[in-house]
Amino acid sequence: MPKPVVAIVGRPNVGKSTLFNRIVGGRVAIVEDQPGVTRDRLYQTAEWAGRTFTLVDTGGLDLAEAGDIPGRVRRQVALAIDEADAVLFLVDGRTGLTPTDQEVAALLRRTRKPVLLVVNKIENFQRAGEWTEFYRLGLGEPIPVSAAQGMNTGDLLDRLVAVLPPAAEDEEEPDTLRIAVIGRPNVGKSSLVNALLGEERVIVSEIPGTTRDAIDTYFTLNGRRYLLVDTAGIRRKSRIDLPTEKYSVIRSFKAVDRCQVALVVLDAVEGVTDQDKRIAGYAHEQGKASVLVVNKWDLVEKDDRTAARFTEAIRRELAFMTYAPVVFISALTGRRLPRVMELVNLVAEQQCLRVNTADLNALIREAVMHNPPPANKNRRLKILYATQGGVKPPTFVLFVNDPELVHFSYLRYLENQLREAYGFEGTPIRFILRRRE
Ligand code: GDP
Ligand code: GDP
């Protein structure tokens, strides 16, 4: 299910990251302390009143970039207008209206996307004067909040979810495998997509009709149906030449939300960058199966150790995703291209593996016997029972005497045992802990 994207825009220091943290902060995580994942506070899934959405702090995106403040804020706004489904325009109730606020408002008045004007740093809600001047921005009623103290943020979220586009209907088409091709600009995504679709065995079907089809590509290979999600931006290259590095990340995230398997494209010449980590990390966190596709292999001078060295570097940089198979390709020459779809099929299958309860409990008993959980303040973890709660990704429910006693490294150990026994190649594995005395 695609999640709507909500962008927070506004001048520096108005409180964007404070509001961001306030909104996503209270989120309960299922064992999410995974070392190695680039803990990116700039994009997070948030939930309110049963609606989930991806919240983006566009200010944080721009941190590393040069330029004057109005220019940077303008870029955030352009990004938000392009990629978000709703915009939270944050202003500072203490400093009052500024010329940059006016400029931003002028840009936002032109979009048809919902915009909420939020006046931050209001601590006294009796004194309406502090925020009424922002009516002048022509963006409707200003919503006063204190992000720092969490005052009125619930009201803000109520209004936000009310203007989000309706949840898209479930896309499950049981016979169609949904693939997203993701990665930084220029790693070769469009070359890869065009090369895949250009293969002789591939039959592309253009299905006219709904708008969604316009951005997706269906094809058949060996009698199996596939869908490449969001190929619009990929197959025909975007005309607008914006600071694409940042934009591509959000586009990638949206594609990941809709896919079952992510093809994470890396550039063999440039190696793994922070941006790659972010993109791959998102696929991992969302429980998608992944294949790491190292493109432009034709450009690399090789000896018999080159691929092994590159793989080592990937394992180190993307340490949270050592389960993902790596394939070295050239979209240009077609090298190893057929292998890509073989791996897609493999990881999709692995993502749906089920372990029956008796075998699972036998495996866990054995694992605990070989390597008992360490005692913590004289208390020892007991795993009483386990069952597989679901697939896509494989999720295991552990009934334990006290979830607090479960250390991340012990889950990693159990995960490794499961992988050794069953594979689960290309897919993350999740654990859910339940207390049972
Ligand atoms: P950003 O640059 O827009 O992301 O702003 P920050 O979230 O970093 O906040 C800038 C400053 O404003 C920080 O010192 C915050 O502590 C402060 N701040 C944020 N929200 C509030 C608020 O609701 N009330 C007050 N008084 N200060 C706030
Ligand atoms: P995208 O932005 O990720 O979609 O990347 P493109 O597919 O547009 O590729 C960026 C550039 O890299 C283009 O100039 C491509 O011709 C080139 N390129 C893509 N794949 C390969 C490859 O396998 N080998 C070489 N040598 N160049 C490639």
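**Nonpolar cores and ligand shells**

In this predicted model, the largest nonpolar core holds 94 residues, of which Phe 89, Ile 179, Ile 182, Leu 263, Val 264 and Val 293 touch the most other members. A nonpolar core is a set of buried Ala, Val, Leu, Ile, Met, Phe, Trp, Tyr and Cys residues joined through C-beta atoms within 7 Å; buried denotes 20 or more other C-beta atoms within 10 Å of a residue's own, with C-beta atoms placed from the backbone. At least three residues of this core come from each of domain 1 (5-163) and domain 2 (176-351), the bounds being taken from an automatic or database domain assignment. Apart from this core lies another, of eight residues, including Ile 383, Ala 386, Leu 398 and Phe 431.

Beyond four places in sequence, Ile 179 is in contact (C-beta atoms, placed from the backbone, within 7 Å) with Tyr 226, Leu 227, Leu 228, Val 229, Cys 259, Val 261, Leu 263 and Val 344.

Ligand 1 is surrounded by 15 residues (C-beta atom, placed from the backbone, within 6 Å), and the nearest are Gly 15, Lys 16, Ser 17, Thr 18 and Ala 148. Around ligand 2 there are 16 residues, with Gly 188, Lys 189, Ser 190, Ser 191 and Leu 332 the closest.

Residues are numbered from 1 along each chain as its sequence is written, while chains are lettered from A and ligands numbered from 1 in the order in which they are written. As the model is predicted, local features need pLDDT of at least 70 and side-chain atom pairs count only at pLDDT 80 or more, whereas totals for chains, interfaces and linings use all residues.

Key. Buried ≥ 20, exposed ≤ 12 C-beta atoms within 10 Å, placed from the backbone. Contact = placed C-beta atoms within 7 Å.
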